[in-house]
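Welcome! Please take a moment to turn the structure around on your screen, and then we will walk through it together.

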Amino acid sequence: MKISKETIKAIESSDNVVVLTGAGISAESGVPTFRGEEGLWRNFRAEELATPFAFQRDPKLVWEWYDWRRNLIKPLYPNAGHKVIASVEQKKSSFKLITQNVDGLHQKAGNKKYVELHGNIWKTRCTEEGKVTENLESPLKKIPPVCECGAMLRPHIVWFGESLPVEAIQSSYQAAENCDLMMVVGTSAVVQPAASLPGIAKNTGAFVIEINAEETPISDMVDDSYLGKAGEILPLLEKYFE
Ligand code: BJW
C-alpha cells in the first residue's frame, strides 16, 4: 500500500496527536465487531441488547450476552495495530487515545493517556448506589450478578440513549479541537457523539487520516483514507512518527 506524501508530512510534523478507535482495531485480536453479520449473537443485533430498555425487560439475557463477550475477550491479546498506537503515545509528547471499545486491549498494549467513551466491560455498576467496581470474574457465577447491598449490578457500559461520561466527552471534544493530527481507526463512524469527533478535528485545522476495512460516512471528508486491516496499515505508518 502506498502512503501519500501528505500523510507522511502530516505525521512527521505533528505535535499533538489524537487517535480515535472503534471495534475494527480489535477485530484482528479476535473480538467481534458490532455491525455486519459477525455482530449477531443468538440472532440478536447489538443495537437490540445494548439499551437500558433491553436490560429492564430482560437483565438475564443482556448479562448472558456480556458474560459470553467477557469469556471471549479474556484470553485475547493486543495485535500489531494496538501496539503501534501504544508506541505513538511514547513518541509524541501530546497524545490522546479516544476509544469507543470496552475490551481493555489498548491498556493491555500499554496506552496510558486514554479515554473510554463507552465504558469498560470489566467493570460493573450498582443499579441502586451507582458504585463502579472492577469485576474480572469470568464466567460469572451468578447471572445477573448482585452488589454487596443486594441490588442488581449492570455492566459499566454506555448504552444507546444514555449519556456518555461528561468528563470523557468534554476532554475528547477538547482534544479533537486542539490536535494537529487525528487518526480514525476501525470505526463505522455512525454512533454519536464519537462519530462527530473527526469532523471537529478537520474543521479546526487537523490533518485527518482514516484507516478502516471499508469506506464509512467520513471517508469523503478526511484528508486520506486507507482501506484495509489496521494491523497491517498502522505498522506502515509507525516509522514516520520517529
Ligand atoms: C476494520 C477491521 C480491521 C473491521 N481493520 N477496520 C445524533 C444523531 C442521531 C442519533 C444520535 C445522535 N446523538 C446521539 C444519538 C443516538 C445514538 C446514536 O448514535 N445512534 C446512531 C446509531 C444513529 N447515540 C447514543 O445513544 C449515545 N448517547 C448519547 O449521545 O446520549 C445523548 C443522546 C441520546 C439520544 C439522543 C440524542 C442524544 C450513546 C452511544 C453508546 C454506544 N454504545 C455501544 C454499545 C456498547 C455496548 C457494548 O460494547 O457492550 O458502543 S453501540 C456500539 O457501537 C459500541 C461501539 O463502541 C459503537 C461504535 O461501533 P464501532 O466501534 O464503530 O464498531 P462497528 O462494528 O460499527 O464498526 C467497525 C468498523 O471496523 C467497520 O467499519 C469495519 O469495516 C471495520 N473493521 N475489521 C480496520 N481489521
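Helices and strands here are DSSP runs, with at least four residues for a helix and at least two for a strand, and they are numbered from the N terminus. Keep in mind that you are looking at a predicted model.

With those labels in hand, find the loop between strand E5 (132-134) and strand E6 (153-157), where proline 139 has its place. The peptide bond that leads from serine 138 to proline 139 is cis, and its omega is near 0°. Proline 144 also belongs to the loop between E5 and E6. Here the bond from isoleucine 143 to proline 144 is cis, with omega near -5°.

Now let's visit another loop, the one between strand E7 (181-185) and helix H9 (197-203), which holds alanine 189. Although alanine 189 is not a glycine, its phi is positive, at about 55°.

Next comes the ligand. Where does the ligand sit? You will find it in the largest pocket. Two elements each give two or more residues to the shell around the ligand: helix H2 (24-27) and helix H5 (59-73). In total, 35 residues surround the ligand, and the closest are Arg35, Tyr66, Arg69, Gly161 and Ser188. Sorted by class, the shell has 16 nonpolar, 13 polar and six charged residues. Both domain 1 (5-31 + 77-118 + 164-241) and domain 2 (37-75 + 124-157) supply at least three residues to this shell.

Finally, look at the backbone. A backbone N or O atom of glycine 161 lies 2.6 Å from an oxygen atom of the ligand, and one of alanine 23 lies 2.8 Å from a ligand oxygen atom. For alanine 230, a backbone N or O atom lies 2.9 Å from a nitrogen atom of the ligand. On its own the ligand has 1500 Å² of accessible area, and the protein covers 75% of that.

Technical notes:
Residues numbered from 1 in each chain as written. Predicted model: local features only at pLDDT ≥ 70, side-chain atom pairs only at ≥ 80, totals over all residues. Heavy atoms only, no water. Near = heavy atom within 4 Å. Polar contact = N/O pair within 3.5 Å; in protein donor to acceptor, adjacent residues only side chain to side chain. Areas by Shrake-Rupley, 256 points an atom, 1.4 Å probe, with all protein chains shown as cover. 1 Å grid on protein atoms, 1.4 Å probe; cavity = no way out; pocket = protein on both sides within 12 Å on 5 of 7 lines; lining within 4 Å. Sits in = over half its atoms within 2 Å of the grid points. Nonpolar A, V, L, I, M, F, W, Y, C, P; charged D, E, K, R; others polar. Domains from an automatic or database assignment.
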